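Trainee: Could you walk me through how to read a structure like this one, feature by feature? I would like the general idea each time, then the case at hand.

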Amino acid sequence: LTSIYFAMSNNLDVYLKEIGGFSNGKAKLLTVFAPIFAVLGPFACVWLCEKQKNFIAVCALFYGAAMLLSLINLFTFEKSPAVSLVLLVLFIVLVNGGRSVTLSIVSLRMRSKIDTGVYSTAVNAACSLASGIAPKVITRVL
């Protein structure tokens, strides 16, 4: 999901112009606002993790909902660009929320059971690879 997240985030303007028929200016403007909405995901996820002891269930909820939205978006992106855009933004919010669990909450909650330095290094390395490779690969495939 993180790879899809980075690919969609990096190619959002192309998606908006080619599929949604947005002008270049509107596509760029919406591309600027998408990360602002993405900030809501970690806030919601951290809030739920404070309420819920099981942070893995919260992460599964966010990632599961994101997968469901991405599947729905596969069938709606050609029929309704507006609905597809809303689903895409919600996908970005949910995945960004789930990433907050894997990147920080796990380290905080599991610090007595795992070496948080090694864990953080491994997760950050995987995310860095995903952010660098996924957009290029998915752009080539599509």
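Mentor: Gladly! Let's begin with one residue: Val39 has a relative accessible area of 40%, so Val39 counts as partly exposed. Keep in mind as we go that this is a predicted model.

Trainee: Where does Val39 sit, in a helix or in a loop?

Mentor: Val39 lies in the loop between H3 and H4. Another thing to read is distance in space against distance in sequence: Val39 and Val93 are 54 residues apart along the chain, while their C-alpha atoms are 7.0 Å apart.

Trainee: Let me step back to the whole chain. How many helices and strands does the protein chain have?

Mentor: The protein chain has seven helices and zero strands. Reading along the sequence gives the pattern α-α-α-α-α-α-α.

Trainee: And how do I judge the overall dimensions?

Mentor: Set the radius of gyration against what a compact globule would have. For 142 residues that value would be near 14 Å, and the protein chain has 16 Å, which agrees. The extent along the principal axes is a useful companion: the C-alpha trace spans about 50 × 30 × 25 Å.

Trainee: What do burial and contacts look like for the chain as a whole?

Mentor: Of the 142 residues, 33% count as buried. The protein chain exposes about 8,600 Å², and carbon and sulfur atoms supply 70% of that area. For contacts, take those between residues at least 6 apart in sequence: 67% of them join residues at least 24 apart.

Trainee: How should I think about the interior?

Mentor: In soluble globular proteins, nonpolar side chains tend to be buried together. Here the largest nonpolar core has 28 residues, and Tyr5, Cys49 and Val101 touch the most other members. Helices H1 (2-10), H2 (12-18), H3, H4, H5 (55-76) and H6 each supply at least two residues of this core.

Trainee: Which helix gives the largest share of this core?

Mentor: That is H6, with ten residues.

Trainee: Could we look at Val101 more closely? Which residues does Val101 touch?

Mentor: Setting aside residues up to four places away in sequence, Val101 touches Cys45, Cys49, Phe55, Cys59 and Val106. You can also follow Val101 towards Ile56: these two are 45 residues apart in sequence, with their C-alpha atoms 8.0 Å apart.

Trainee: Is Ile56 buried or exposed?

Mentor: Ile56 is exposed, because its relative accessible area is 57% and the exposed class starts over 50%. Ile56 is found in helix H5.

Trainee: What about Ser100, buried or exposed?

Mentor: Ser100 is in helix H6 (residues 81-109). Its relative accessibility is 10%, so Ser100 counts as buried. Beyond residues up to four places away in sequence, Ser100 touches Pro42, Cys45 and Ile105. Cys45 is a good place to pause on screen, since Cys45 is also listed among the residues that Val101 touches.

Trainee: Can you show me a contact that links distant parts of the sequence?

Mentor: Try Ala7, in helix H1. With a relative accessible area of 2%, Ala7 is buried. Leaving aside neighbours within four places in sequence, Ala7 is in contact with Ala134, Pro135 and Ile138. Ala7 and Gly132 are 125 residues apart in sequence, yet 9.1 Å apart in space, C-alpha to C-alpha.

Trainee: Now the surface. Which residues make the nonpolar surface patch?

Mentor: Leu29, Phe33, Ile36, Phe37 and Leu40 make a patch of about 490 Å². Its largest share, four residues, comes from helix H3 (residues 24-38). Leu40, by contrast, is in helix H4 (residues 40-51). At 48% relative accessibility, Leu40 counts as partly exposed.

Trainee: Where is Phe43, and why does Phe43 count as exposed?

Mentor: Phe43 is found in helix H4. Phe43 counts as exposed because its relative accessibility is 60%. As for distance, Phe43 and Phe6 are 37 residues apart along the chain, and their C-alpha atoms are separated by 19 Å.

Definitions and conventions:
Residues numbered from 1 in each chain as written. Predicted model: local features only at pLDDT ≥ 70, side-chain atom pairs only at ≥ 80, totals over all residues. Heavy atoms only, no water. Buried < 20%, exposed > 50% of the residue type's maximum accessible area, 1.4 Å probe, protein only. Contact = heavy atoms within 4.5 Å. Patch = residues over 30% accessible without salt bridge, like charges linked within 9 Å, V, L, I, M, F, W, Y side chains within 5 Å. Areas by Shrake-Rupley, 256 points an atom, 1.4 Å probe, with all protein chains shown as cover. Salt bridge = Lys/Arg side-chain N within 4 Å of Asp/Glu carboxyl O. Core = buried A, V, L, I, M, F, W, Y, C linked by side-chain atoms within 4.5 Å. Rg over C-alpha atoms; globule rule 2.2 N^0.38 Å.
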